[in-house]
Amino acid sequence: MKFSPDAKPERWLGSLALAVISLISLGNVVTRYVTGGSLAFTEEFSVFLLVVLTFAGASVALRRNGHIRIGMLERALPTGPRLALILFQGLCGAIVLGLITWFGAKLTWEEYQWQSLSPGLGLPQWWYLAWLPLLSAAMLVRLVQQTIDRLRGRLDDEP
């Protein structure tokens, strides 16, 4: 049986975000067609949900080993250096995702303390921002899982 990793919570979250974007966009189109006006909240929610969809989808792609990478050097190296390169790639990705998580959490906390409101609906801005550190942390977990699976030989350099 072939090893098939999955990121079910992120997959469900991304699917839900896409469904809600579709529904509120359809509702806005119908409202605009019937009344000539539009629903005020659709753009703000759509942009927020698009960010959630992007990060959730990136997390799923990480777990499924679906992100683009150039594996030519990796395939050309013998086992020892190849494993070192895989570890280096994982470490670089972990640093980037760790920074996004850290600074996203810091920004969310500052927005919470400042009690900033969103420009469109006047909702607390931190409600939107909280998803950035949460989903980048999920990506970090999926990256660690993927790196361990690649080091153990359960995943190839190409999906």
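Visitor: Let's start with a ring: does Phe45 count as buried, exposed or partly exposed?
Guide: This is a predicted model, where local features need pLDDT of at least 70 and side-chain atom pairs count only at pLDDT 80 or more, while totals for chains, interfaces and linings use all residues. Residues are numbered from 1 along each chain as its sequence is written, and side-chain values use heavy atoms, with hydrogens and water left out. Buried means under 20% relative accessible area and exposed over 50%, with partly exposed in between (1.4 Å probe, protein chains only). Phe45 has a relative accessible area of 26%, so the class is partly exposed.

Visitor: What kind of aromatic pair do Phe45 and Tyr128 form?
Guide: The structure holds 7 aromatic pairs, where rings of Phe, Tyr and Trp (its six-membered ring) pair if their centres lie within 6.5 Å; planes under 30 degrees apart count as stacked, over 60 as edge-to-face and the rest as tilted. The rings of Phe45 and Tyr128 have centres 6.5 Å apart and planes at 65 degrees, so this pair is edge-to-face.

Visitor: How many residues apart in sequence are the parts that this pair ties together?
Guide: Helices (H or I, at least four residues) and strands (E, at least two) are DSSP runs, numbered from the N terminus. Phe45 lies in helix α2 and Tyr128 in helix α5 (residues 125-129), so the separation in sequence is 83 residues.

Visitor: And what kind of pair do Phe48 and Tyr128 form?
Guide: Both of these residues are buried, Tyr128 with a relative accessible area of 13%. Their ring centres are 5.1 Å apart with 55 degrees between the planes, and the pair is tilted.

Visitor: Which residues form one aromatic cluster?
Guide: Phe45 and Phe48 both belong to this cluster, as does Tyr128. The full membership is Phe41, Phe45, Phe48, Tyr128 and Trp131.

Visitor: Which element gives the most to the largest nonpolar core?
Guide: A nonpolar core is a set of buried Ala, Val, Leu, Ile, Met, Phe, Trp, Tyr and Cys residues joined through side-chain atoms within 4.5 Å. Of the 13 residues in the largest one, Phe48, Leu49, Val52, Leu62, Leu97 and Met139 touch the most other members. Two or more residues come from each of α1 (8-35), α2 (42-63) and α6 (131-151). With 6 residues, the element that gives the most is α2.

Visitor: Where does Asn65 sit, given its positive phi?
Guide: Most residues other than glycine have a negative phi. Asn65, however, has a phi near 60 degrees, and with a relative accessible area of 2% it is buried. Its place is the loop between α2 and α3 (72-76).

Visitor: Is Gln115 buried or exposed?
Guide: Gln115 also has a positive phi, near 55 degrees, and lies in the loop between α4 (79-114) and α5. At 64% relative accessibility, Gln115 counts as exposed.

Visitor: Stepping back, what is the radius of gyration of the protein?
Guide: The protein has 6 helices and 0 strands. The radius is taken over C-alpha atoms, and the globule rule is 2.2 Å times the number of residues to the power 0.38. For 159 residues that rule gives 15 Å, and the protein is more spread out than a compact globule because its value is well over that, at 20 Å.

Visitor: How much of the protein counts as buried?
Guide: The C-alpha trace spans about 65 × 35 × 25 Å along its principal axes. Of the 159 residues, the buried share is 31%.
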